Amino acid sequence: MADHLFALDGKVALVTGSNQGLGLEIALCLAAAGARVILNGRDETKLEKAGQRFLAAGLDAELAPFDVTDTDEAARVIDAAADSGAPIDILVNNVGRRDRRAYTEVSPELFAELLQVNLVAPYALSRLMSAQLIRAGRPGRIINISSIGASLAGPFDATYPIAKAGLEGMTRAFAAALGPRGITVNTLAPGNFATETNQDLVANEQYRDYLALRASIGRWGQPEEIAGAALFLASAAASYITGQTITVDGGLTKHL
């Protein structure tokens, strides 16, 4: 019974930004559970390398190199899946961009570009994917990757918390609209994970000491440790959960 709850056989999942880091680990986990995964990224070399990991593991993956801010290209990928008779059942909006500077150093024009990646693109992809599912009369799952930064803030990282808070608001709005259609929409909010983009901080002994004191588990999360939560939200086990944010941070935000 437990295995059946988490099985994704016959499902198709698009995971944006899945050529490395958290996105890649989520994609591998969904594929291992039986889904056919569409890998996405702008860097075709990294994307092909990620695809090789799938081949080596005997897992099913398709490569879709496109920029998530290119709505026309995103629509082409989503429409192609539907036209092939295998519409996308699971969308993981994982791509994000961060600018660790004070608001005084980020112009409105640059802020708009960041919002385009972190909020407008997930909105567009979710809208496109859900429209296909509604036309086909199929249920589905949308999983947005936010951050503990959505509920925390600092003076030198202004734009990211704003964008991620917006993404969590979008989760609730889409959940309310799509619930009657059998499409659930939830968010994962990761804490400190030792991904490629965080390598400078991972090597910083002071930050490591900070996590040892601040996080309940006392260490960096490993990228694969996000995957189980994503699988849960993508599976039948989470069929009555929608509009929620699940924090995956080793207890950092709950530790006094």
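1. A good place to start is helix H6, where Thr159, Tyr160, Pro161, Ala163, Lys164, Leu167, Glu168, Met170, Thr171, Phe174, Ala175 and Leu178 are buried. Please keep in mind as you read that this is a predicted model. The cover over those buried H6 residues includes helix H5 (108-136) and three strands: S5 (140-145), S6 (183-190) and S7 (245-248).

2. The length of H6 also works out nicely. The helix runs over residues 159-178, and its 20 residues, at 1.5 Å a residue, should span 28 Å; the C-alpha atoms at its ends are 28 Å apart, so the two values agree.

3. H6 leads us on to the largest pocket, whose volume is about 1,300 Å³. Its lining is made up of 44 residues, and nearest the centre lie Gly96, Arg98, Tyr160, Thr197 and Asn198. Two or more lining residues come from each of helix H2 (21-32), strand S2 (36-41), H6, helix H7 (199-202) and helix H8 (205-214). Tyr160 is thus worth a look on two counts: it is among the buried residues of H6, and it is one of those nearest the pocket centre.

4. What kinds of residue line this pocket? By class, 17 are polar, 15 nonpolar and 12 charged.

5. The largest cavity makes a useful companion to the pocket. The count of cavities of 30 Å³ or more comes to one, and the space in the largest cavity is about 30 Å³. Its lining consists of Thr16, Val68, Asn93, Asn94, Val95, Val117, Ala121, Pro122 and Leu125. Six of the lining residues are nonpolar and three are polar, with no charged residue. Which element gives the most to this lining? That is H5, with four residues; H5 also helps to cover the buried residues of H6.

6. Now for the aromatic rings. Across the whole structure, a search finds three aromatic pairs. In one of them, the rings of tyrosine 207 and tyrosine 210 have centres 5.3 Å apart and planes at 45°, so this pair is tilted. Both tyrosines belong to helix H8, and because they are three residues apart there, about one helical turn separates them. Tyrosine 207 is partly exposed, at 22% relative accessibility, and tyrosine 210 is partly exposed as well, at 36%.

7. Tyrosine 207 has a further partner: with tryptophan 220 it forms a tilted aromatic pair, 5.5 Å from centre to centre and with 40° between the planes. Tyrosine 207 sits in helix H8, while tryptophan 220 is in the loop between H8 and helix H9 (227-234), so this pair ties together parts that are 13 residues apart in sequence. Is tryptophan 220 buried or exposed? Its relative accessibility is 7%, and because buried means under 20%, tryptophan 220 counts as buried. Taken together, ring pairs join Tyr207, Tyr210 and Trp220 into a cluster.

8. One last residue to view is valine 12, which is found in strand S1 (residues 12-15). Valine 12 is buried, its relative accessible area being 4%. Leaving aside residues up to four places away in sequence, valine 12 touches Arg36, Ile38, Ala86, Pro87, Ile88, Asp89 and Ile90. Its C-alpha atom is 5.5 Å from that of alanine 35, although 23 residues separate the two along the chain.

Conventions: Residues are numbered from 1 along each chain as its sequence is written. This is a predicted model: local features need pLDDT of at least 70, side-chain atom pairs count only at pLDDT 80 or more; totals for chains, interfaces and linings use all residues. Side-chain values use heavy atoms; hydrogens and water are left out. The expected span of a helix is 1.5 Å times one less than its number of residues. Buried means under 20% relative accessible area, exposed over 50%, partly exposed in between (1.4 Å probe, protein chains only). Contact means heavy atoms within 4.5 Å. On a 1 Å grid over the protein atoms alone, a cavity is a set of points where a 1.4 Å probe fits but cannot get out, and a pocket is an open set with protein on both sides within 12 Å along at least five of seven lines; lining residues have an atom within 4 Å of a point. Grid points are joined across faces, edges and corners, and a volume is the space filled by probe spheres set on the points. Ala, Val, Leu, Ile, Met, Phe, Trp, Tyr, Cys and Pro count as nonpolar, Asp, Glu, Lys and Arg as charged, and the others, Gly among them, as polar. Rings of Phe, Tyr and Trp (its six-membered ring) pair if their centres lie within 6.5 Å; planes under 30 degrees apart count as stacked, over 60 as edge-to-face and the rest as tilted.
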